[in-house]
Amino acid sequence: MLTIHLLGHSYLAKDGKPVNASVKAVALLIYLTLQRRPQHREHLAELMWNTPDALRNLRVELHRLRHLELDLFPSHQPLLEAALPTDLDRWLREADHLPDSRLGEWLSQGSGLPLSGLEDLGSTEFREWVDSQRWVISQEVEAAFSRVYARSVQNGRLAAAGLIRARADQLGMQLHITPAPSRTTGSVKFERTELTRRFRQLLERARETPQLVILSGRSSEGKRELLQGAVAGSDWQALQMQASPHPELQRAAFLHQLMRLLPPERHAEAHALLAQPGHREEDLVRAWTLVAATGNPLVIAIHDIGQATPFLTTSMQFAMNLPSSLMLVLSPSSADEQHALRDALGTVDRSRLHHLELPALAVHEVMDAVSERQQLLSADQRRAYATRVVQQSDGLDLHARALIEADLDLPGTRLPLPAGVRDALLGELGTLPPAFRGALARLSLMYGPLDSAVARVLLGSDAPAVLAQAAALGLLTTAAPEETVRMPGLVYQASDLEDGLCFASELLRVALAGTLSSSERRELRTVLAAHHLPLQPALARYYAARAGLNDLAAQAEAAQADLERASAQLAAPVSHPAAQVSASAVAPARRAADPCQNEPGDMPLTRTERRTSNGYRVATERGQLQILRNGLYAQPPLLRLLWPAVPAGNWDMVARLDVQNSAAELERTDSSYAFAIRVGGGPQVVYTQHAACELTQGQHLGAQVPLGCWFALAGTGDGGPLELSVKSLDIALTIAAWRWNGLTVVPLQQANSTGQLAGRAAVAG
């Protein structure tokens with residue numbers, strides 16, 4: 001049986017043994033097999049040789065195949081056709097029923113560059129065809145890796161999943177997961193109770209006079225669900241539309257949706273307005289007159305408004321004067337568009353203009369959503385699961401729902417981006433020029449802050465314009481090595497002095513990287529490895545290893561060793577001064593009671609979140625302090641939370657750590673940690689899950705803390721300004737209670753007018 005080998009080096013085999021066929025003959029058979037239709041001899045000859053004697057060369061190759069007893073083509077037939085089985089077909093079939101015993105062999109078969117050896121053959125047209133087919137095959141391989149990976153995770157075979165993930169990383173492939181069939185009927189629902197209550201209060205005001213809401217937030221899906229849930233069970237009707245930059249299309253979509261709410265006798269008027277539009281101002285009056293004719297209280301929402309067109313603002317201002325029960329909702333797609341929309345609506349009655357923000361998902365909202373699906377989990381396990389969903393999804397409804405419905409274990413390590421989430425994130429960039437999206441995809445391969453030098457390596461002379469446009473659109477944001485949030489008010493201001501940039505959304509960066517072919521990723525990593533070799537050999541080694549450049553990786557590793565030896569000679573010996581903050585070494589082993597079961601009755605239920613430029617999310621939820629991050633794979637930046645001065649004395653804390661990951665390959669030492677405490681000018685006392693955390697000058701190890709459960713810490717400390725710092729690639733830290741000599745630091749309630757910590761609360765555990 002003849003088989004064409006497409007994975008790795010291309011060759012022809014018969015009964016499992018290679019056939020001594022020429023490269024041109026193999027290329028000819030591959031072309032016919034993948035094209036799957038007859039090809040004319042003249043076309044094949046020009047494709048493979050592109051010389052005056054091309055037809056003679058083709059006849060010679062066909063004769064050689066017959067000489068090898070491979071009589072595949074009838075003589076003198078003008079059209080040639082072949083459909084040989086391929087190793088790719090067999091490899092893809094094995095993916096659906098692959099035992100762990102054959103996983104290593106299966107992975108190795110899919111690890112080679114597809115169609116290797118055909119790069120320099122034939123005409124320019126043939127070489128372009130090889131490149132396109134290589135991309136198609138790479139996508140199929142990537143999808144197969146993803147299927148086997150997801151199945152391994154779902155079945156709890158984490159060792160197999162880790163092996164697949166490591167091989168995919170080596171090949172520069174992006175693994176994706178797709179939801180499994182749900183075990184329960186119905187989709188996962190997230191109840192944003194507090195925001196729904198506030199919106200319903202505005203609906204009551206809209207019964208008397210029209211109200212206008214600017215609804216901001218990162219989740220388009222969440223906004224739609226919020227509005228639909230707010231009108232459920234009431235006499236209000238919701239009409240929701242996607243924004244269009246073209247007034248005619250927006251009006252047509254509006255009328256089509258409106259017709260389902262109109263009484264039958266008004267349908268003809270709506271059809272006439274659709275079929276025979278008149279002057280824009282007259283049509284506006286006629287359309288809003290139809291709104292009043294519905295006879296029902298109506299919510300009209302326009303989502304993802306990219307720009308406040310004059311037609312839109314005029315229409316809104318007219319609608320606000322209707323004698324109807326009407327709620328208008330405008331949903332901008334970015335902070336800049338929100339400001340532009342607010343300015344464009346400057347003449348609207350401010351007492352009827354409201355601003356609501358859809359926040360990132362809260363842990364307790366996810367816990368409520370999964371309570372029926374995760375009945376077998378303990379309270380600790382369910383909280384750990386919900387926290388990891390919020391951390392990995394970045395609080396986005398669509399991503400959180402995909403993770404939950406995929407029924408995957410969430411061990412705290414990163415999972416591939418679900419395909420539906422990737423498509424939705426990329427869809428948000430759909431209005432941008434393809435060339436600009438392609439430039440963003442190239443930038444997404446950078447692990448670390450983007451500076452002008454790296455951008456030029458990736459984009460050439462287009463770099464300054466691309467960076468400026470991406471920053472203006474909010475896709476890139478300032479990346480500082482240190483960030484500060486002032487507590488307890490969660491006050492944060494991005495630095496204007498830093499010129500480094502990073503993607504504002506790690507999820508979007510991953511989605512963009514997935515649009516590149518594996519060959520494109522290898523090419524870019526090769527360039528980046530060479531660029532970073534002189535000054536950042538650890539990063540160069542990482543790029544070189546992922547591009548398969550073993551010699552360059554070894555060179556970078558040697559340079560890294562030299563750098564570490566030089567640093568060790570220059571560094572002063574690390575001493576551990578008498579700690580000004582101390583904690584019981586055995587305290588982390590004590591399981592603390594779940595603070596949620598003893599929450600003070602006056603704790604606010606709302607969630608307040610501040611997102612830093614580096615992707616740290618500092619939030620208060622039911623009085624508890626949460627620090628979350630799903631960060632760019634790079635050496636993590638430092639986050640400092642600063643409180644006013646606390647008095648010297650005893651302190652105690654109840655907290656939990658559900659996620660802590662580092663980018664060990666990119667660091668000279670594992671200097672990341674879960675959190676550290678400092679008072680005044682004293683040392684940082686470090687708490688971490690990883691025992692191998694490398695301490696530096698001015699740091700002191702407090703304790704190693706457990707993962708996935710509440711723990712208690714207690715100790716003594718001096719007085720002075722209080723600092724809690726975090727330095728981690730990925731983190732999910734929750735502090736439920738923290739008292740310092742009788743002063744309540746957490747639960748967070750509010751800051752009084754003098755800026756001092758306020759409030760007292762019971763401490764669990």
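Asp 15 turns out to be exposed, with a relative accessible area of 57%. Anything over 50% earns that label, so Asp 15 clears the bar. This value, like the others here, comes from a predicted model. Asp 15 sits in the loop between strand S2 (11-14) and strand S3 (17-18). Its backbone has a little quirk too: phi of Asp 15 is near 55°, a positive value in a residue other than glycine.

A second aspartate, Asp 304, also has a positive phi, about 55°, and again glycine is not involved. The setting for Asp 304 is a strand, S8 (residues 298-305). What about its exposure? With a relative accessibility of 22%, Asp 304 counts as partly exposed, since that label covers values from 20% up to 50%.

Next come the peptide bonds, where two prolines deserve a look. Going from Met 487 to Pro 488, the peptide bond is cis, and its omega is near 5°. Pro 488 belongs to the loop between strand S12 (482-486) and S13. The peptide bond from Val 746 to Pro 747 is cis as well, with omega near 10°. Pro 747 turns up in the segment after strand S27 (743-746).

Strands S12 and S13, on either side of the Pro 488 loop, are also part of a sheet. In what order do the strands of this open sheet run? Seven of them line up as S13-S12-S19-S25-S21-S22-S23, and the pairing is mixed. At the edges are strand S13 (491-492) and strand S23 (699-704), each of which pairs on one side only. Further in, strand S21 (residues 673-679) and strand S25 (residues 720-727) run antiparallel and are joined by five bridges. Within this pair, Ala 676 stands opposite Ser 725 in S25.

Finally, a word on helices. How do helix H9 (residues 220-231) and helix H17 (residues 397-405) pack? They meet at an angle of about 90°, and their axes are 7 Å apart. Angles from 65 to 115 degrees count as roughly perpendicular, so that is the description that fits H9 and H17. On the H9 side, the contact is made by Glu 221, Gly 222 and Glu 225, while H17 brings in Asp 397, Leu 398 and Arg 401. Sorted by class, the contact of H9 with H17 has four charged residues, one polar and one nonpolar.

Terms used:
Residues numbered from 1 in each chain as written. Predicted model: local features only at pLDDT ≥ 70, side-chain atom pairs only at ≥ 80, totals over all residues. Heavy atoms only, no water. Axes fitted to C-alpha atoms, helices over the stretch in contact; angles between N-to-C directions. Helix = DSSP H or I, 4+ residues; strand = E, 2+ residues; numbered from the N terminus. Parallel < 35°, antiparallel > 145°, perpendicular 65-115°, else oblique. Contact = heavy atoms within 4.5 Å. Nonpolar A, V, L, I, M, F, W, Y, C, P; charged D, E, K, R; others polar. Pairing = 2+ DSSP bridges. Buried < 20%, exposed > 50% of the residue type's maximum accessible area, 1.4 Å probe, protein only.
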